[in-house]
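Open the model in your viewer and keep the selection panel at hand. We will go stop by stop.

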Amino acid sequence: MSINKYAYEAIKAVVGEANITDDPADCMGYRSGPGGYESGTGYERVMTRLPGAICMPRTTKDVQEIVKICARYDLAFVPYSTGFYGPRSHPHLDDELIIDMKRMRDFEIDAEHFFITVQPGVVYSQIQQECFEHGAYVVVGGGGAQTSAVANLLNDGWSPLSFRVGLPQRRILGLEMVMPDGEIVKFGSLADSDDPFWGEGIGPDLRGILRGYTGLLGCLGICTKMAIKTLPFQPVVPEMQGVSPDTSLKLPEKRVKWINFTMPSLKSIEDAHIMLGNAEVGGAITKVPTFWRAIAKASCKEEFWDLWLKETEESVANFFLVRVMIIGFTSEEQFDYDYNVLTDIITELGGKERRTKPSDESWFKNADSAGMWLMTGSYVSVDYVMDSFDQAFKQGPNYRDLKDKYTPPLMPDCKDLGWFQSCEMGHLGYYEYLIYWDQREDTNGMDQFYVDSAKMNVRNGAYPALLSSHQPLYLTGPAYGPNYHNWILGLKKIFDPKWLSHPPLPLAHDEFCRRAAWMHDIADWPVPDEFPYPDSLKKKMAAAHGDI
Amino acid sequence: MDILKDLAEIAGSENVISDQAVLDSYSSDLSLVRGGAPEAAVRPGTTEEVSKIVKWANANNIPLIPVSSPVHLYGSTVPKQGGVVVDMRRFDEIFSIDKTNRCVRFGAGVSWKKLTDTLAAEGMRVVMPLAPRGDRSVLTDHLEREVITNTVYDYGEPVQSMEVVFPDGSIFRTGSASAPKFPYAYAKGANPAGPGLDFYRLLQGAQGTMGIVTWMSLKIQSIPLIDKIKFAPFDDLDYVEKFLFRIMPRRIGQEFVILNNVDFAAILADTREEFEELRKTLPKYTLAFIISGLIRRPEEKIAYEEHFLSDVIRHEYPDIRLTDGMPGFPQAADKLKQILRNPWPAEKTYWKAVPAGNYQDLFFIARPERVPEFIDIVRDVASKNGYPFESIGIYEQPIEHNRACQLEFTFMYDGSADGADAEIYDIYYKMFKALHAAGAYFTRPYGDMGGELYQKAASYKAALMKVKNLFDPNNIMNPGNVCF
C-alpha cells in the first residue's frame, strides 16, 4: 500500500527524503489505537485505515506545495499534529497521506500583549511554561499538555480554568490556513499585515468557518500558524515537583490554591456554581466524576480497581464534593478577598472545607489523558454540553439512566452523575460524560450509546458539542439550527470540491452508521440515498469500505 | 410586480411605507455616506414575515436593507442599489431575563434605554460601549462589534445566541439556541458557538449583508453595590500606556476610557459655550476608570483595588496623579460615572454633536503603545491639510486587559456650511489612508474604506466572497457594503 509514486516523489522534493516515508513499519506507527481515546470502537475498526505515506513539512510553503500536489494527484490527506482524537485523526481511506505537523514548531511570545504565535507542532506544555514565566496562563484542554495547541483550539479547548478564561474560539487571534485547494488564507489582522495580534476579520469574521462549538478535524484545510490569546495570571512561577510520571505543580501560597469542600447535597454543589459566578470570584469550580478520585490515587490498573470496587451506588450517590480554585491575580489581598467570599458562600450552603494538597496535578499542565483509560484500556468523552446551568444539571441523570442500557460493555461506575463545571464566570454551565470499556469485549454497545445519547439530546433540546466531528451529521443537522449541516456541506463543496481534506468528514460518522451492521437498527433517521461526494470519492470509499 | 401590494400581503398594509419623505429619510444618515432612497420600507412584526420578505426579494431580485434603529451612524443602512428597507423596530420585546444563568434575550428593535431600564429594575446590567445612544438598537451595536468599555471580564464578548433569517429566507438559530424546541429546550441559548460553524462570527461585522438578525441574547451582570470613579489627568501618553499595561492585567477596575480634552469637554458640556470653556481648561488627556464593589463584601473589594493602585503608583509610577474627582470640575465625577453606566438620553443632543452639530468618527484597532505614533500621523495629516488638530476628539478604549485598544478620532464640524461635508470627508479619508498604511487595523469597512482594505487583504476577500456566495447567491442582502 502506498500513494501514487509520482506524488510521493514530488512531495519528497518539497520536504526532503528524510521527511517522507511509506515504509510499512512507519505507517503502522500511525495506526489508530494506542492512544486510548476511542480505542477499539467499532468506528475505529470500520472507518480507519493505515496511511499510505507520511510527510513532515516544516513551513507553510511546504504545506501549500504538498496540498497542491495532493490536488494534482487526487490524493486525500489528513492533517495530523499530535493525534489525540484517536480514530477521528486517522485516515479513513486507503492510501491517504498523513501530513504530520510535528516539525512545525516555531514559537513566539508577546508577553506584553498576552498572546503567543505558534505553528501546529507546538504543544501546550511548552506554551504554559513560557506563559508562567511571563505572568500569564492558558487553558490546557483535557487532551493534555502534550497535545498541539493549534489542533486543540480548532477542535476543543476548555477545562475548569475556563471559568475565567472563556470559550476557546475567543482565544484564536490572527492565523494562516492552507485551504484544500492550496490557497493560503490569512485571518484577522494577519490578513492586513504581518501582525497577528487581533482575531476579528475585516467585515464578517471568517473565524466562523474554522470551528463551531467544536471543530471539523481538518476537513476544511490546514492551519499552519495561529496567534493564541493568553490570559494574565499571577506573578509567581509554579514549580514542578515529583518524579515523572508522578509530577505536579507546587502552587504558590497566597496566590493559587485548590480547595475541596464537602457539601451536604448535590443541590448545594449546583448552587455553589451559580453563586460563585454571581459573586465574580474564583479561578475554577468543578465537580468531577467520583471515580476520577480513584484514578488520581491509583498508580496502576489493579490499584484503581481495588479502590473503586469498594464504592457502592449508595456511597457514590452520597459523596458531595466540589473543588474550587482561587487565584490572586491582583495581589495577596485579592486572594484573601476571594477566599472570604468563597467561604461565605460555602458556609451559607452548609459546606465544609477539607484539607487539600497545595498542588495541581490536573489542569495547569495536565497529562490526565495519559492516565484516563488505565482502568479499562479505552475511554471517550461521549459528549460535552455547554449552555446554561439548567441544562448542565439536568444532563447527569439523563446520561446515567441511558448508560444503564449499555452496561456492560460500558464500565459500571455506580451510577455516577459525571462531571460538571462553570465557564465564563458562571455564564455557562458545562457538563461532560465519560464512558470506559474494555476493547477486548463486544463493544457494539459503546458505539450504540454514542448515537443513542445524541438522539436523547435531540429529544430534550440539549446542546452537545461534538455535532460535526463525532456524531452523524444527518441525525443532528436537521435538528440543530435547524439544518446547520447544509451550510457545512456547502462550505465543503466550495472550499474542497474534491473532498481531499480528511474525507469523508464531516460525514464520517454517517458512513460508519450505514456500514456497521450493529448500527442499522438505531440509525433510524432519514439519510439521502447518496451522500454528496464527488465521483472520485465515491470510488475511493467503495475501494476502502466496499459498496453500500 | 407591485412591490407595495406584495409587501402588504406579507406584513399588512399598515406596515408598508411608501411616503416619499419617509423613504428619503433612509437615503442618508449621520455619516458622510450618501445613497438613494429605497423603493419602499416594510416593518415586519414576526420572524416568519421577515422570512417571507426575504424569499420574495430573492424571487424578484430586490435588494433588502435591514435597519433596527431610528438613528444610523455609518452609512451601511443607506441603500446603495435601491431596494426595500426592512425596518425591524417592531421587534421591540424583551423576551426573558434569566438571573440564574445571567442572560437576557431581546428583539432587534430593543433600544439601549429600554434594555438598561428593564435590567436595572431587576438589579442587573449589561456591559456597553461608551455612551451608546439611548434610542439605538442594542442588537445592531453588537452586530457592529462596538467595543465595550468594561475590560475586566476575560471572556470579553457578551453576545450569546441569535435568531437570523438567512439570505435564502431560512430561519436559523445560532449557538445553543439552535437546539430543537428552543426556547422550551434544555438549552437556554447561553453558548454562542456553533452549531457546526460559528455562524455568529459571520453575522457580526457584516453590515446586514449575511442575513437579518431578529433577536439576540446577551450576558448580564449584577449591578455593583459600590462604584468609585478614578481620574488621572496627563500629558505623556507613553507613560500612561505603560501604567495601564501594569495595572489592567491585574484585573483592576471595570470601565476604562482615555479621552482628550476635546472629547471629555464634549461629554461634560451641555452647550457649545460650555464645551469651548471646558476644552480650554481640561487637561490634554484624562484616564478615567471605575472600580466597583460587587454583591459580596463590596468594601473589601474596593479596598484591595485601591491598595494595589496606591502601591503601584507609589513605587513604580509616581507621576500618575490618581484622584477621585477632577480638580476644578466638581461635577465631572458624578457625570462621567453616569455616562459610563448608562446610554445617552435620546432627547438630549448627542455628545459628539454638542460642539458643532455634526461629526465623523474614524476608528481602528491597535496596539496601545502605538497610540502616540498614530496621533502624530493624524496631527501631521491635519497640519498638511490646514485642519485644526486641536479640534479633533481623541478617545482610546483599552480592550482585553489593555493588550489592544480601539483608537477613535472624531471630527466635529458644522455640516450646514457649504462644502463642509466634502471637506471633512477629504480629510477623513486622507487620515484613514495614512493610518492604514502605518498599520492601523480597520476591522469595520464602512463606505469607501472597503476598497482600500480588501485590496491589501486579497486572500481574505476571496474567501469571504465564496462564503457570501454560498449564503446569498443573488446578493440581495444590503448590496454595496463590505466587499459585496
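The tour starts with confidence, then visits the chain contact, the domains and one sheet.

**Confidence**

This is a predicted model. Colour by pLDDT and pick chain B. Its mean pLDDT is 96, and 100% of its residues reach 70 or more. For the complex, the predictor gives an ipTM of 0.96 and a pTM of 0.97.

**Where chain B meets chain A**

Show both chains. Select the contact residues: 77 belong to chain B and 81 to chain A. Now keep only the chain B side. Five elements of chain B give two or more residues each: strand E9 (171–173), helix H6 (199–203), helix H10 (298–315), helix H14 (449–456) and helix H15 (458–471). Which element gives the most to the side of chain B that touches chain A? Highlight H15(B), which supplies seven residues. Then colour this side of chain B by residue class. You should find 40 nonpolar, 17 polar and 20 charged residues.

**Domains of chain A**

Hide chain B. Colour chain A by its domain assignment: domain 1 covers 5–100, domain 2 covers 107–232, domain 3 joins 254–357 and 373–460, and domain 4 covers 473–545. Select domains 1 and 2 of chain A. Their centres, taken over C-alpha atoms, are separated by 23 Å. In the contact, 15 residues of domain 1 of chain A meet 21 residues of domain 2 of chain A.

Stay on the domain 1 side of that contact. Helix H4 (60–73) and strand E3 (77–80) of chain A each supply at least two residues there. H4(A) has the largest share, six residues. By class, this side of domain 1 of chain A holds eight nonpolar, five polar and two charged residues.

**Domains of chain B**

Swap to chain B. It is divided into domain 1 (3–87), domain 2 (94–222) and domain 3 (226–437). Select domains 2 and 3 of chain B. Here 27 Å separate the two centres, again over C-alpha atoms. Domain 2 of chain B puts 16 residues into the contact, and domain 3 of chain B puts in 26. On the domain 2 side, helix H4 (residues 112–120) of chain B gives the most, with three residues. That side of domain 2 of chain B has six nonpolar, seven polar and three charged residues.

**A four-stranded sheet in chain B**

Now select the strands E1 to E4 of chain B. They form an open sheet in the order E1-E2-E4-E3, with mixed pairing. Why is one side of E1(B) and of E3(B) left without a neighbour in the sheet? Strand E1 (16–17) and strand E3 (64–67) of chain B stand at the edges, so each has a single partner strand.

Add helix H1 (residues 3–11) of chain B. H1(B) packs on the sheet and touches E1, E2 and E4 of chain B. Its direction makes about 0° with that of E2(B).

**Zoom in on E4(B)**

Follow its pairings. Strand E2 (residues 40–42) and strand E4 (residues 84–87) of chain B run parallel, joined by three bridges. B:Val42 has B:Val86 as its bridge partner, and B:Ala41 has B:Val85. E3(B) also pairs with E4(B) in the parallel sense, over four bridges. There, B:Val85 is the bridge partner of B:Ile65.

Last, show the side chains of E4(B). Are these residues buried or exposed? B:Val84 and B:Val86 point one way, B:Val85 and B:Asp87 point the other way, and all are buried. In a regular strand, side chains alternate between the two faces of the sheet.

Definitions and conventions:
Residues are numbered from 1 along each chain as its sequence is written. Chains are lettered from A and ligands numbered from 1 in the order in which they are written. This is a predicted model: local features need pLDDT of at least 70, side-chain atom pairs count only at pLDDT 80 or more; totals for chains, interfaces and linings use all residues. Two strands pair if DSSP finds at least two bridges between them. Two residues are in contact if their C-beta atoms, placed from the backbone, lie within 7 Å. Axes are lines fitted to C-alpha atoms, for helices over the stretch in contact, and angles run from 0 to 180 degrees between N-to-C directions. A residue is buried if 20 or more other C-beta atoms lie within 10 Å of its own, exposed if 12 or fewer, and partly exposed in between; C-beta atoms are placed from the backbone. Domain bounds come from an automatic or database domain assignment. Ala, Val, Leu, Ile, Met, Phe, Trp, Tyr, Cys and Pro count as nonpolar, Asp, Glu, Lys and Arg as charged, and the others, Gly among them, as polar. pLDDT is the predictor's confidence in each residue, from 0 to 100.
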